[in-house]
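Me: I would like to go through the terms used for this protein one by one, and to see the reasoning behind each of them.

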Amino acid sequence: MRRMLAAWICLGWPWIDASLAYGAASPAAPGPWEDVYLADVAATAMPAPQVTQPPPGEPRITATFVSAPLRDVLFTFSEFAGISIVPGADVSGIVSADIRDQPWDEALRVILDSHGLAARELENGILRVDDIENLNRREDVEPLETGVFHMSYATAADLLPAAQSLLSDRGSASLSLATNSVIVMDVPRVLAQVAALVGELDIRAPQITISARIVFVNRTGLEELGVAYDLRDSRGHHLLLPSGAADPGEDARVADAPTPVNEAGESVSGDMVVLDGSSISALGNAATRISGSALSVLTSLLLGRHTLLAFLEALETLNLSRMEAAPYISVLDNQTARILVGERTPIRVLDAGAGNAGGLQSPVVPTAAVEIQETGIVFEVTPHVTEGGHVLLDLHAERSFAEFTPAASDAGVIFHTQEASSRVLVRDGETVVIGGLTVTEEIESRSGIPLLMRIPVVGALFRVDRRQKIQRDLVILVTPYIET
């Protein structure tokens, strides 16, 4: 057979040219029939076959078959690969193929597929070639064997569906949670496939450490400017002084508004009007005073028996609030990790129709249930290590808090939430900004004396202006590290 692989062979059927990737066979003395054929070859000046030496570790074959019996082709592959091939009794056919520098097992599989055949390797290493139906019928009477596959890194429950997909009609698979194993009972072919599958899937997964920074910044700017007036008569009636107004008495002292009293000397609540003769009094912008003003200017103007007090007040504030969360978590590849730092707030939920169990005539009694809502800093991530030292991150970051406002809803709770969900590809040790959210709210209000406040330029003396700007920023930075 070795001499057949290195020369042109003629045994009464058409020729076969095989130039094999593992080199020519060792020389030996030719037989009688070979002397005739070699002489014939020399007479016809046929070229000598060429043998190529492939790179080490690459079992590739170059061969040409022209109308060659299928069994002889199988023997050629057996000699080339150094394995035992046993064809079935019904295996027959003619092969014509030109194979150039291909893996021998792929070339053999294609030839068998073209003839409706299949090859299965037995436990002793022999390759059995036969019709697919014959191989399956053999498995129907083949005794079942049991294999126990222990998992070192993977979970047996996760591998069980993959093992069940390989089972034959007679096979079965079960779990052993105590030993983290998959127990398979089937024919030897299936056991070999399950063993190969376990070897591919039960591997040590890389571990990823994820460092994140979640920064929340709130900026609030407030500007207020206004003028309030108090016109009063020191000898006649007057209205209640605004807070911080001057008492225009004889000593002209500056004090807070006195506590209102009636004629009996008892203190009273609310506004008070003092009546004493014919006079006129007025308050301008008295209810729109600026609370906590940074600048207060008081002017007084005497107009006969009347005194005009003007209060100029100004305020400008800037509040900056910064909160930073830095979660740090380690997790295996393709596993989900979650961090929650916050509170669980109970919420009362009303069901208006749940109590109507006695029919249409019975009264409807609402029922209440309590649900728990999580608030605070939430960070959830699922990493996946890719080729080239990259990490694919599926992550979700959230910051939320509850505000109790009974007038806002039946439950009396409003939840404020800032969150970001994303999928990003990051290099090992690289920091990436996955989310940036800025919310700006501007509020302007103006109140003053009707008509007078609309006068151009001068109208600013008869009104109070308020401008408020609220800005909320959310920035999320993530850095993954692959542990070796």
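**Reasons behind the terms**

Reply: In this predicted model, helix α5 (residues 132-141) has Asn 134, Leu 135 and Glu 139 as its buried residues. Those residues cover an arc of only 140 degrees around the axis, which puts them on the same side of α5. Glu 133, Asp 140 and Val 141, on the other side of α5, are exposed.

Me: What do the buried residues of α5 pack against?

Reply: They pack against β5 (117-121), β6 (127-131) and α7. Helix α7 (residues 188-201) in turn lies across β7 and β9, running at about 5 degrees to β7.

Me: What makes β7 and β8 edge strands?

Reply: The sheet is an open one of 3 strands in the order β7-β9-β8, with antiparallel pairing. β7 (145-150) and β8 (172-176) each have a single partner strand, so one side of each is left without a neighbour in the sheet, and this is what places them at the edges. On average, and with direction ignored, neighbouring strands of this sheet are turned by 20 degrees against each other.

Me: How do you know that β8 and β9 count as paired?

Reply: Pairing requires at least two bridges between two strands, and 5 bridges join β8 to β9 (residues 181-186), the two running antiparallel; the requirement is therefore met. One of the residues involved is Leu 175, whose bridge partner in β9 is Val 182. Helix α6 (residues 156-164) lies across β8 and β9 and runs at about 175 degrees to β8.

Me: Why is Thr 179 called partly exposed?

Reply: Partly exposed is the class between the limits of 20% for buried and 50% for exposed, and Thr 179 has a relative accessibility of 43%, so it falls in that class. Thr 179 is found in the loop between β8 and β9, and its C-alpha lies 9.0 Å from that of Ala 156, a residue 23 places away in sequence.

Me: What makes the approach of the Thr 179 side chain to those of Ser 176 and Ser 181 a polar contact in each case?

Reply: The distance has to be within 3.5 Å, between N or O atoms of which one can donate a hydrogen and the other accept it. The side chains of Thr 179 and Ser 176 are joined at 2.8 Å, and the contact between the side chains of Thr 179 and Ser 181 is 3.0 Å, so each value satisfies the distance limit.

Me: Why does Asp 473 count as buried?

Reply: Buried means under 20% relative accessible area, and because Asp 473 has a relative accessibility of 11%, it belongs in that class. Asp 473 is found in strand β20 (residues 463-483), and its side chain makes a polar contact of 3.4 Å with the side chain of Gln 471. Leaving aside residues up to four places away in sequence, Asp 473 touches Val 215, Phe 216, Val 217, Arg 219, Leu 437 and Thr 438.

Me: How do you know that β12 and β13 are paired strands, and what lies between them?

Reply: Strand β12 (residues 295-303) and strand β13 (residues 306-325) pair in the antiparallel sense over 9 bridges, and since at least two are required, they qualify as paired. Leu 295 stands opposite Ala 314 in β13. The two strands form a hairpin with 2 residues between them, and Gly 304 in the turn has a positive phi of about 70 degrees.

Technical notes:
Residues numbered from 1 in each chain as written. Predicted model: local features only at pLDDT ≥ 70, side-chain atom pairs only at ≥ 80, totals over all residues. Heavy atoms only, no water. Helix = DSSP H or I, 4+ residues; strand = E, 2+ residues; numbered from the N terminus. Axes fitted to C-alpha atoms, helices over the stretch in contact; angles between N-to-C directions. Contact = heavy atoms within 4.5 Å. Buried < 20%, exposed > 50% of the residue type's maximum accessible area, 1.4 Å probe, protein only. Arc of directions from axis to C-beta.
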